[in-house]
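Please follow the explanation below with the structure open alongside the text. It moves from two sheets to a helix, then to individual loop residues, and ends with the chain as a whole.

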Amino acid sequence: MIYEGKKRIWSEYQKEIPEDNYFYVRSCIRQNFFPASEKTFLDIVRNRLGKDFFETQHHTTCGGIAYHSDAIPQETVMTIIARQFALMTEAGYKNYACSCITSFGLYTETMETWKLFPELEAKIREILWKTCHKEFRIPENLAHASDIIYKFRNMIAEKAAYRLVNVKTGKPLRVVEHIGCHYAKMFPSRGVGGAEYPYVLAGMIESWGGEVIDYPERRHCCGFGFRQYLVKANRGYSLSNTHKKFESMAPFKPDMIITNCPGCPYFMDRWQYVISELEGKTYGENGYGIPVFTYEEVAGLVLGYDPWDLGLQMHQVAVEPLLDKMGIKYDPAKKYLGENGKYIGKPQMPRFIKCC
Amino acid sequence: MTPDINFGFGLSKSSRINLDNADNEKFRELAAREPDILKCMACGSCAASCSAGNFTELNLRKIILMLTRGAEKETVRQLESCMFCGKCILVCPRGINTRHLIKSIREIYCRPCAEPETGNGI
Ligand code: SF4
Ligand code: SF4
């Protein structure tokens with residue numbers, strides 16, 4: 001598509017993202033997969049940008065995984081969500097920000113459903129009152145955390161210690177952006193840039209000096225797909241989807257991948273190892289994989305956080321080739337040292353995919 | 001290659017078809033003889049009403065779709081179980097003479113039908 005055409009489509013899908021005062025909720029799985037992403041996000045918005053983000057320990061899972069695996073019905077998930085909204089109401093906030101794309105999709109779906117079926121909203125209010133003695137207001141604004149980083153991308157660029165530029169060649173890094181399916185494929189107007197040309201990550205990449213890669217399977221699912229993964233016998237579907245994406249992007253020689261969903265970076269990172277074991281094939285340069293990052297990790301790198309404080313040692317695919325390209329200084333000896341210098345253990349090296 | 005690790009699941013081949021590389025010569029011949037095939041909207045009514053399809057893999061909707069993509073190998077053999085009863089003609093909302101279409105498909109795609117595995121040699 002012609003670039004001007006894309007710009008026009010993006011302009012039709014500009015969502016309102018409030019400046020400040022958010023009730024922030026974490027994802028139930030991201031802290032295991034990418035342990036420092038949410039911590040980094042809060043540090044950036046609170047301490048670097050001076051914004052108000054409130055968290056409560058009473059927040060729970062949104063129920064998304066159980067819902068999308070057909071383990072619980074929609075009413076149950078709506079009641080869980082109603083309880084989260086009640087926590088926001090009690091805390092005195094109106095802007096709701098969530099870290100997870102599955103949750104974001106589910107909150108959007110719930111709010112849209114209540115608009116169309118007010119009697120269902122009334123039923124959920126009644127259930128919530130009977131079970132928890134809580135009442136709630138629907139958020140005035142719902143943002144995904146990547147919307148917020150997108151909004152402040154230029155402020156982050158101004159404070160940047162590093163840019164998405166290859167320091168050896170001076171050329172922009174070639175970046176694949178992968179958007180979680182539940183961000184805008186269900187409700188395109190709720191995402192920055194809509195479903196087909198979401199701009200949320202592309203905007204960050206451009207602002208931080210990188211070059212966005214367009215490739216045939218750009219909008220294909222990462223392969224997670226809930227039931228595809230949860231049932232072991234079905235995992236081949238998940239793997240094959242990821243394989244399809246990598247086969248499609250590889251000819252464009254990406255330096256890195258940025259994602260905004262809990263599942264996508266996990267599967268695109270870990271499946272590269274499984275593909276290498278099954279097929280003997282790797283997609284990065286010199287036998288490495290293509291490093292996959294969350295947008296918070298990339299924002300952290302750009303702002304000069306220590307890569308090991310960002311939890312990058314938890315990645316399957318080695319991140320060091322990318323750190324070297326960006327000219328980021330790091331201490332390889334500290335990679336497997338956790339808090340207070342405690343050794344956290346080094347994983348066994350795989351057969352094919354090269355790791356550091 | 002054989003993996004050392006048994007993950008308990010594997011990689012399936014992509015079903016993506018590169019139309020630039022597909023061999024569509026036979027399909028062009030078929031479409032010239034049966035232009036109605038281009039009207040098929042893949043609704044699947046024919047497959048749903050097919051008695052033979054109830055007991056075998058025969059699925060006309062899938063066959064038509066695969067032929068348009070130049071991928072006939074897996075599908076044309078399914079036509080061996082067609083009984084030429086014509087029930088699919090009655091249900092096709094696009095008015096395609098599906099029975100005649102099946103006959104033409106077999107004539108064009110099973111040309112070296114002397115081969116024993118291609119069935120009854122129509
Ligand atoms: S003519 Fe063949 S394909 Fe059509 S309904 Fe009869 S058996 Fe099925
Ligand atoms: S019923 Fe007709 S239109 Fe529908 S799939 Fe069969 S041939 Fe195509």
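In what order do the four strands of the open sheet that contains β1 of chain A follow one another? In this predicted model, the order is β2-β1-β3-β4 in chain A, and the pairing is parallel. The edges of this sheet are formed by β2 and by β4, residues 141-144 of chain A, each of which pairs on one side only.

Strand β1 of chain A, residues 22-25, repays a detailed look. A:Y22 and A:Y24 point one way from this strand, whereas A:F23 and A:V25 point the other way. The general rule is that side chains in a regular strand alternate between the two faces of the sheet. All four of these β1 residues are buried, a class that requires a relative accessible area under 20%.

The neighbours of β1 in chain A can be traced through its bridges. Strand β2, residues 53-54 of chain A, runs parallel to β1 and is joined to β1 by two bridges. A:F23 has A:F54 as its bridge partner in β2. Strand β3, residues 95-98 of chain A, also runs parallel to β1, and here the number of bridges is four. In β3, A:N95 is the bridge partner of A:Y22.

The loop that leads into β1 holds a residue with an unusual backbone angle. Most residues other than glycine have a negative phi. A:N21 is not a glycine, yet its phi is positive, at about 60 degrees. This residue is located in the loop between α1, residues 3-12, and β1 of chain A. Is A:N21 buried or partly exposed? Its relative accessible area is 39%, so A:N21 counts as partly exposed.

Chain A contains another open sheet, again with four strands and parallel pairing, in the order β6-β5-β7-β8. Its edge strands are β6, residues 211-212, and β8, residues 292-294 of chain A, and each of these pairs on one side only. Within the sheet, β5 (residues 174-178) and β7 (residues 256-259) of chain A pair in the parallel sense over four bridges. A:V175 finds its bridge partner in β7 of chain A, namely A:M256.

Among the helices of chain A, α11 illustrates burial. Why can this helix, residues 200-207 of chain A, be described as largely enclosed by the rest of the structure? Seven of its eight residues are buried, and the description therefore follows. The buried residues of α11 in chain A are A:V200, A:L201, A:A202, A:G203, A:M204, A:I205 and A:S207. After α11 of chain A comes A:G209, which has a positive phi near 100 degrees.

Further along chain A, A:D306 occupies a place in the loop between α15, residues 295-302, and α16, residues 320-326. With a relative accessibility of 32%, A:D306 counts as partly exposed. The C-alpha atoms of A:D306 and A:Y330 lie 6.8 Å apart, although 24 residues separate the two in sequence.

Chain B offers a further positive phi in a residue other than glycine: that of B:F84 is near 55 degrees. B:F84 belongs to the loop between α5, residues 73-76, and α6, residues 87-91, of chain B. The relative accessible area of B:F84 is 24%, so this residue is partly exposed.

These details can now be placed within chain A as a whole. Its secondary structure comprises 16 helices and eight strands. The radius of gyration of chain A is 20 Å, close to the 21 Å that the globule rule gives for 356 residues, so chain A is as compact as a globular protein of that length. Along the principal axes, its C-alpha atoms fill a box of roughly 60 × 50 × 50 Å. Of the 356 residues of chain A, 56% count as buried.

Contacts and surface complete the picture. Of the contacts in chain A with a separation of 6 or more, 75% involve residues 24 or more positions apart. Chain A has an accessible surface of about 15100 Å², and 51% of this area belongs to carbon and sulfur atoms. Its charged side chains number 45 positive and 41 negative, and the centres of these two sets lie 3 Å apart.

Methods:
Residues numbered from 1 in each chain as written. Chains lettered and ligands numbered in written order. Predicted model: local features only at pLDDT ≥ 70, side-chain atom pairs only at ≥ 80, totals over all residues. Heavy atoms only, no water. Rg over C-alpha atoms; globule rule 2.2 N^0.38 Å. Buried < 20%, exposed > 50% of the residue type's maximum accessible area, 1.4 Å probe, protein only. Contact = heavy atoms within 4.5 Å. Areas by Shrake-Rupley, 256 points an atom, 1.4 Å probe, with all protein chains shown as cover. Lys, Arg positive; Asp, Glu negative; His and termini not counted. Charge placed at Lys NZ, Arg CZ, Asp CG, Glu CD. Pairing = 2+ DSSP bridges.
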